[in-house]
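Got your viewer open? Let's take a short walk through this one, selecting a few things at a time.

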Amino acid sequence: MEKAVIYARYSSDKQTEASIDAQIRACRDYAARKGLAVGTVYADEAISGKGSKTASRAEYQKMLRDAKKGAFATILIHKYDRVARNVGEHVNLELKLKECGVRLIAVDQDFGDSKEAKIMRTMMWALSEYYIDNLASETTKGLVETAHKALHTGGTPPFGYDVVEQHYVVNELEAAYVRRMYQCALDGIGYTDLLAEMEAAGMRGKRGAVMRYTQVYEILKNERYTGVYLYTPHEEEKRADRRTKPNAIRVEGGMPDIISKEVFDKVQEIMHSRRRTGAKGEYLCSRIVYCGNCGAKMHASTPRKNGHAYSIYTCSSKCGFGSVRAELVDEAAKMYLRELLTDEVQREIEKALRQYIRTEKDRVKEHNAVVKRQTAEKQKQIDALVDNLASGKLPPEVVGQIGEKIAVLKQEIEALSDSEPPRDYTTEQIIAWLNGIREAPDETAVRLLIERIEVKKDKEKATTEFSVISTLNSVVAKSGCGGGI
């Protein structure tokens with residue numbers, strides 16, 4: 001008898017699908033009718049078929065490895081969408097199996113081997129892809145309707161808020177720190193002491209991480225704290241718009257306020273003014289510039305003279321170095337990055353990144369474990385809510401609230417099932433990113449690729465020299481560059 005195996009998959013994004021047991025039973029019945037000897041059963045649970053995600057299915061990958069070894073001649077599946085809901089993925093699978101001499105049969109969609117049958121199979125693949133795309137579109141519609149009601153649409157709420165029955169409520173302990181952050185901004189006080197106090201008190205961000213300045217900055221720019229509910233159905237294309245959200249659904253008073261609009265507007269004016277004048281922390285190379293005479297850090301400032309503002313770096317130890325124009329330091333950094341990121345060096349960086357990413361297997365395992373645990377927790381909540389509905393003793397308004405909560409939980413489960421573990425970057429992504437840095441580096445790129453810039457003055461020659469030390473010494477054999485200006 002011809003050897004066959006069964007592949008089954010249960011996706012948590014659609015609770016009414018046939019279970020794995022039902023799929024296996026249908027495949028065994030087909031095998032019995034066709035005289036096939038079924039051996040191994042491969043089964044992946046709670047993994048979506050959307051997009052090209054077969055790489056994250058352990059059993060699916062094991063089945064392909066066994067196929068290459070010639071362990072069987074036929075793979076039985078219930079329907080084609082159990083393998084994938086993407087035409088490209090189906091085509092790739094067909095090619096792989098053809099090389100191994102293995103055939104794939106969908107027992108509930110067995111059209112035979114004729115020319116017409118091949119057309120029918122392709123149509124079924126296309127319909128599977130259309131189905132999942134349409135489902136995503138319908139899900140977005142549902143989230144938009146939820147957003148118009150100013151209800152929680154999933155994800156982590158902002159620091160300072162909790163979610164109770166889909167409604168945002170103030171977390172008074174966190175909100176007290178939010179108000180103090182805004183007060184620090186109004187008073188022109190740094191956040192170092194406040195952040196140290198929060199860490200000592202065990203106060204963490206919503207994802208459990210220690211609060212840093214970057215989180216404070218995001219909090220100070222978040223209009224939600226004034227009571228404005230915001231939801232963006234689709235991510236903005238322009239990076240600058242992702243914070244201002246010009247196309248977001250806005251509901252004034254849709255959530256409780258933590259600070260007043262007056263305070264928020266005043267803080268925005270202060271932060272904008274700092275960006276405009278180049279205040280501390282807004283310079284391209286701030287915090288990585290050092291005095292070449294004494295080794296101390298150099299601090300940036302923007303003094304005014306005769307009505308004109310100019311940015312400079314001065315030695316913090318006041319060793320007599322004097323000052324250097326910030327624009328000269330910035331130009332030295334940009335020139336260095338242009339020289340550093342040659343095509344040859346980019347290939348070395350790409351190779352090193354790939355080697356690093358391939359060692360990150362633990363992140364994939366952790367991701368899958370978290371998804372499985374959170375999905376199970378949310379499904380447990382759904383089951384409990386369904387049991388409440390089944391009692392038939394609830395008033396209509398409560399039934400409606402429970403129905404909405406179940407819908408949100410299902411959307412959250414779908415989002416979890418669609419999430420992918422960290423994976424390698426493509427060559428095109430890496431090269432495009434590095435080219436972007438080479439042409440127009442921003443503060444983040446400078447921090448990532450430059451460890452320090454040492455500035456020396458030669459008083460006799462009346463020149464300034466810059467020595468730039470790269471963070472990529474372990475990747476490329478280039479420790480710095482220098483030039484007289």
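**Stop one: the largest nonpolar core**

Keep in mind that this is a predicted model. Start by selecting Phe 159, Met 181, Tyr 182, Met 198, Ile 219, Leu 220 and Tyr 225: within the largest nonpolar core, which has 34 residues, these touch the most other members. Now colour the elements that each give two or more residues to this core: helices H4 (115–148), H5 (172–187), H6 (192–200), H7 (213–220) and H9 (261–277), plus strand S7 (228–231). H5 supplies the largest share, seven residues.

Zoom in on Ile 219. Which residues does Ile 219 touch, leaving out those up to four places away in sequence? You should find Phe 159, Val 178, Met 181, Tyr 182, Met 211 and Tyr 225. Apart from this core lies another, of 30 residues; to find it, select some of its members, including Ala 296, Cys 315, Ala 333 and Val 446.

**Stop two: the sheet**

Next, show the four strands that form an open sheet, ordered S2-S1-S3-S4 with parallel pairing. S2 (36–45) and S4 (103–106) are the edge strands, each with a single partner, so one side of each has no neighbour in the sheet. On average, neighbouring strands here are turned by 25° against each other, ignoring direction.

Pick out S1 (residues 2–10) and S3 (residues 74–77), which run parallel and are joined by three bridges. Ile 6 sits opposite Leu 76 in S3.

**Stop three: helices on the sheet**

Add H1 (residues 20–34), which packs on the sheet and touches S1, S2, S3 and S4; its direction makes about 165° with that of S2. Finish with H2 (residues 58–68), lying across S1, S2 and S3 and running at about 145° to S2.

How values were computed
Residues are numbered from 1 along each chain as its sequence is written. This is a predicted model: local features need pLDDT of at least 70, side-chain atom pairs count only at pLDDT 80 or more; totals for chains, interfaces and linings use all residues. Side-chain values use heavy atoms; hydrogens and water are left out. A nonpolar core is a set of buried Ala, Val, Leu, Ile, Met, Phe, Trp, Tyr and Cys residues joined through side-chain atoms within 4.5 Å. Buried means under 20% relative accessible area, exposed over 50%, partly exposed in between (1.4 Å probe, protein chains only). Contact means heavy atoms within 4.5 Å. Two strands pair if DSSP finds at least two bridges between them. Axes are lines fitted to C-alpha atoms, for helices over the stretch in contact, and angles run from 0 to 180 degrees between N-to-C directions.
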